[in-house]
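Here's a quick briefing to read with the model open beside you. It goes through a ligand shell, an annotated lysine and a pair of helices.

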Amino acid sequence: MSSKAYRSTRSSENQSLSFEDVVMTGLANDGGLFVPSKIPKLPDTFLEEWKDFSFNELAFNILRLYIEESEISNSELKDLVTRSYSTFRTPEVTPIKKIDDDVYLLELFHGPTYAFKDVALQFVGNLFEFFLNRRNSKKAAGEPKDIITVVGATSGDTGSAAIYGLRGKKDVSVFILYPTGRISPIQEEQMTTVEDANVHTLSVKGTFDDCQDIVKQIFGDKEFNEKYHVGAVNSINWARILAQQTYYFYSYFQLRKQLARNSDKVRYVVPSGNFGDILAGYYAKEMGLPVDKLIIATNENDILDRFLKSGRYEKKSGDDGAVKATHSPAMDILISSNFERLLWYLARDIAAKGDDNKAGSTLNDWMKQLKETGSVTIPDEVVKHARITFDSERVNNEDTVKTIRQVYTTSSDDYVLDPHTAVGVATTYRFIAKDDKADSIKYISLSTAHPAKFSDVVSQALDSVEGYTDFIPEDLKQLRNKEKRIKLIDEASLEKVKNAIISELNF
Ligand SMILES: Cc1ncc(COP(=O)(O)O)c(C=O)c1O
Ligand SMILES: N[C@@H](CCOP(=O)(O)O)C(=O)O
């Protein structure tokens with residue numbers, strides 16, 4: 001099987017789907033996520049040959065390993081990459097920033113919506129347009145055109161990044177569900193002030209998990225899907241995970257250049273919720289990028305940290321089992337959808353001894369158990385295997401605030417972290433405290449959003465520090481003066497969301 005052919009994590013039959021199929025379908029109709037069963041290997045010479053590549057050149061080369069040339073030619077792919085990253089505020093797209101001798105931040109917030117999601121969603125927006133244009137240009141006059149109705153769930157950042165990636169695109173409508181009152185005011189303004197007629201925001205009374213669940217149910221609704229051609233912008237869409245791999249490579253080479261040596265081990269620390277961002281790092285490592293460890297940093301919604309420590313994947317948080325509202329709200333998630341992709345590889349390589357189809361049926365059983373009982377215990381040998389690559393920590397609100405203050409007061413340039421990034425940096429410092437000093441280890445901690453998006457928490461951390469004044473980029477400040485368009489859905493109900501979508505589409 002080629003690395004450019006895809007299958008569902010829940011299928012126990014041979015499957016070989018194209019990149020276009022998986023991008024445009026989003027979620028498999030058996031409820032599984034699409035994966036390339038074979039992860040491509042980097043060319044032997046990549047460390048030397050790719051080290052001076054620009055962000056765009058690296059992105060092109062990585063994407064090429066996963067997409068057939070017969071689907072997207074070299075010149076088309078180069079054009080998609082160039083257009084996607086021309087919207088960033090820095091030519092480096094995702095620069096790294098040294099905050100002390102052992103810690104570097106990977107700044108992923110230089111795109112249009114100031115969040116790491118832009119790296120993938122600028123590309124995904126252009127991909128949807130590319131595939132739709134090509135399909136529609138082949139239609140005879142009078143034949144109905146292909147359209148896509150994107151339905152996404154957000155805990156704050158995916159929504160605006162998707163909207164900015166898709167606004168005004170021909171034949172695309174976008175519906176974004178977000179939990180009422182559980183996103184920051186700027187995030188809400190970013191999503192609801194966009195005037196393009198193809199953009200719709202639905203504020204749903206419930207949690208992010210309710211919104212994500214409704215989105216997945218909409219994908220499973222055959223009749224609705226056939227009529228409206230539902231598309232995904234969440235990281236259930238493989239193109240999101242693929243595009244997020246680029247910055248692991250780019251940051252690795254930037255670090256090597258700054259250190260001017262190759263001897264140190266490199267670890268990535270990733271503030272995690274839906275497990276998409278760190279999963280991109282897993283692919284990069286499996287492809288051959290020399291990464292020592294991938295470290296999951298969770299807030300108090302800690303399903304991932306609990307899994308690595310106990311082997312039990314269990315949907316609960318806090319004493320009452322409900323999702324906690326934390327200082328890093330974009331990670332207030334009980335079930336991490338992309339974890340299923342990692343479990344598939346672990347099941348295939350360990351429990352199913354390399355058999356793709358057996359891995360599909362194992363995964364299906366695990367996911368059924370999780371749905372029916374709220375938890376699943378994964379076999380020991382599988383968990384042990386996961387621990388070779390992954391480690392984890394859980395960071396509470398107090399430590400999040402402390403870390404923002406610590407980095408601001410100790411950095412030479414008064415550096416301000418956003419609270420999600422602070423969860424990662426707090427985790428990084430805990431690992432440094434327990435490191436084996438015989439080894440030289442460098443940490444790249446992912447900085448996933450601009451602090452201005454979460455100014456309440458940042459103010460809580462820094463208002464009492466002498467000399468601190470908050471900084472909000474001018475374009476974000478301007479949003480306050482714009483009119484908001486919000487449709488309230490007063491219950492987390494599939495029917496109510498579907499009806500809202502249908503009535504907006506027919507308006
Ligand atoms: C700012 C921020 N940091 C971290 C995360 C967690 O990333 P992931 O859901 O890919 O694990 C999110 C949400 O996706 C986010 O918006
Ligand atoms: N934190 C996310 C939640 C959705 O995750 P996704 O990566 O699957 O789109 C957000 O900000 O919306």
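## Around ligand 2

Sort the residues in the shell around ligand 2 by character and you get one nonpolar, ten polar and one charged. Keep in mind that we're looking at a predicted model here.

**The shell, residue by residue**
- Walking along the sequence, the shell around ligand 2 starts with Thr 154, Ser 155, Gly 156, Asp 157, Thr 158 and Gly 159.
- It also takes in Asn 234 and Ser 235, then Gly 273, Asn 274 and Gly 276, plus Ala 330.
- Helix H6 (residues 157–166) supplies the largest share of that shell, with three residues.

**Lys 117**
- An unreviewed UniProt entry annotates Lys 117 as "modified residue: N6-(pyridoxal phosphate)lysine".
- You'll find Lys 117 in helix H5, which runs over residues 117–137.
- Is Lys 117 buried or exposed? Lys 117 counts as buried because it has 34 C-beta neighbours inside 10 Å, and the cut-off for that is 20 or more.
- Setting aside neighbours within four places in sequence, Lys 117 is in contact with Asp 157, Thr 158 and Ala 161.
- Two of those names, Asp 157 and Thr 158, also turn up in the shell around ligand 2.

**Helices H14 and H16**
- The axes of H14 (residues 339–351) and H16 (residues 380–389) come within 10 Å and cross at roughly 115°.
- The crossing of H14 past H16 is right-handed.
- On the H14 side, the contact is made by Leu 346, Ala 347, Ile 350 and Ala 351; H16 brings Glu 381, Val 382, His 385 and Ala 386.
- By character, the residues of this contact split into six nonpolar, one polar and one charged.

How values were computed. Residues are numbered from 1 along each chain as its sequence is written. Chains are lettered from A and ligands numbered from 1 in the order in which they are written. This is a predicted model: local features need pLDDT of at least 70, side-chain atom pairs count only at pLDDT 80 or more; totals for chains, interfaces and linings use all residues. A residue is near a molecule or strand if its C-beta atom, placed from the backbone, lies within 6 Å of it. Helices (H or I, at least four residues) and strands (E, at least two) are DSSP runs, numbered from the N terminus. Ala, Val, Leu, Ile, Met, Phe, Trp, Tyr, Cys and Pro count as nonpolar, Asp, Glu, Lys and Arg as charged, and the others, Gly among them, as polar. UniProt positions are given in the numbering used here, feature names are shortened, and annotations may be inferred rather than shown by experiment. A residue is buried if 20 or more other C-beta atoms lie within 10 Å of its own, exposed if 12 or fewer, and partly exposed in between; C-beta atoms are placed from the backbone. Two residues are in contact if their C-beta atoms, placed from the backbone, lie within 7 Å. Axes are lines fitted to C-alpha atoms, for helices over the stretch in contact, and angles run from 0 to 180 degrees between N-to-C directions. A crossing is left-handed if the near helix is turned anticlockwise from the far one by less than a right angle, and right-handed if clockwise.
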